Amino acid sequence: MAAVRLTSGTDRCLPFQTPPVSLRQRSTVAESFCHKKFFEIVGLKKKSQEDVKKVFHILDKDQSGFIEEDELKFVLKGFTPDGRDLSDKETKMLLAAGDKDGDGKIGIEGDVCWVHKGN
C-alpha cells in the first residue's frame with residue numbers, strides 16, 4: 001500500500017492509499033471541494049477512529065487540540081503535494097460541517113466522528 005505524505009513539517013507518513021488521479025484533478029479546481037467525497041476518496045471513511053485522530057493531529061499544525069479555519073484552508077496539500085488551498089467559501093463550509101458545538105473550530109474529541117458519519 002502506498003503512503004500519502006501529510007505535509008506536517010515532520011517526516012511522519014500515514015498508510016493511506018495514494019489518491020486517485022480524480023482527487024488530484026479535483027483538488028486543482030476552485031469551488032469544487034466536497035468534504036464527503038474527499039473523505040471517501042482518501043479512505044478516511046473506512047479508517048478507524050484512531051487513524052482519523054492521527055490525521056487530525058497532523059493537520060492540527062499548532063498542536064492546540066483543534067483544527068481552526070486557517071489550518072483547514074490547506075487541508076488538500078496534506079494529502080497531495082499539488083493540492084490547492086481551499087477558497088474561503090469552501091473552508092467555511094468544511095468548518096461548519098465539522099464544528100458540531102459551534103465554537104468555530106473542530107476538536108479532537110466529538111467533532112472527529114463527522115468524518116465517518118458523512119455530515
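**Burial and charge pairs in a predicted model**

Q: Is Asp85 buried, partly exposed or exposed?
A: In this predicted model, the relative accessibility of Asp85 is 31%. Buried needs a value under 20%, and exposed one over 50%. Asp85 therefore falls in between and counts as partly exposed.

Q: Which residue forms a salt bridge with Asp85?
A: The closest N and O atoms of the pair are 2.9 Å apart. The cut-off is 4 Å, so the pair qualifies. The partner has 33% relative accessibility and counts as partly exposed. The residue paired with Asp85 is Lys77.

Q: How many salt bridges does the rule give?
A: Side chains of opposite charge can pair when their charged atoms come close. Asp85 and Lys77 form one of these bridges. Arg84 and Glu90 form one too. The count comes to 6.

Q: How far apart in sequence are the parts that Lys92 and Glu69 tie together?
A: The two side chains meet in a salt bridge, N to O, of 2.8 Å. Lys92 lies in helix H5 and Glu69 in helix H4 (residues 69-72), so the pair ties together parts at a separation of 23 residues.

Q: What is the relative accessible area of Glu69?
A: Lys92, its salt-bridge partner, is partly exposed at 48%. Glu69 is also partly exposed. Its relative accessible area is 29%.

Q: What is the relative accessible area of Glu90?
A: Glu90 forms a salt bridge with Arg84, with the closest N and O atoms 2.8 Å apart. Arg84 counts as buried at 13% relative accessibility. Glu90 is buried as well. The relative accessible area of Glu90 is 3%.

Q: What arc do the buried residues of H5 cover around the axis?
A: Helix H5 spans residues 88-98, and its buried residues are Glu90, Thr91, Leu94, Leu95, Ala97 and Gly98. The arc they cover puts them on the same side of H5. That arc is only 160°.

Q: Which residues are exposed on the other side of H5?
A: An α-helix has 3.6 residues a turn, so residues three or four places apart point the same way. One side of H5 holds the buried residues, including Leu94 and Leu95. On the other side, the exposed residues are Asp88, Lys89 and Ala96.

Q: Which side chain of opposite charge is nearest to Glu68?
A: Glu68 lies in strand S1 (residues 66-68). It is buried yet has no salt bridge. The nearest opposite charge is 5.4 Å away, and the salt-bridge limit is 4 Å, so the pair does not qualify. That side chain belongs to Lys105.

Q: Which side chain makes a polar contact with that of Glu68?
A: Leaving aside its neighbours within four places in sequence, Glu68 is in contact with Asp62 and Lys105. The polar contact of Glu68 is 3.0 Å long. Its partner is Ser64.

Q: Near what value is phi of Gln63?
A: Most residues other than glycine have a negative phi. Gln63 has a positive one. Gln63 sits in the loop between helix H3 (49-59) and S1, and counts as partly exposed at 48% relative accessibility. Its phi is near 55°.

Q: Which pattern does the protein follow along the sequence?
A: The secondary structure comes to 6 helices and 2 strands. Of the 119 residues, 42% count as buried. Read along the sequence, the pattern is α-α-α-β-α-α-β-α.

Key
Residues numbered from 1 in each chain as written. Predicted model: local features only at pLDDT ≥ 70, side-chain atom pairs only at ≥ 80, totals over all residues. Heavy atoms only, no water. Helix = DSSP H or I, 4+ residues; strand = E, 2+ residues; numbered from the N terminus. Buried < 20%, exposed > 50% of the residue type's maximum accessible area, 1.4 Å probe, protein only. Arc of directions from axis to C-beta. Lys, Arg positive; Asp, Glu negative; His and termini not counted. Polar contact = N/O pair within 3.5 Å; in protein donor to acceptor, adjacent residues only side chain to side chain. Contact = heavy atoms within 4.5 Å.
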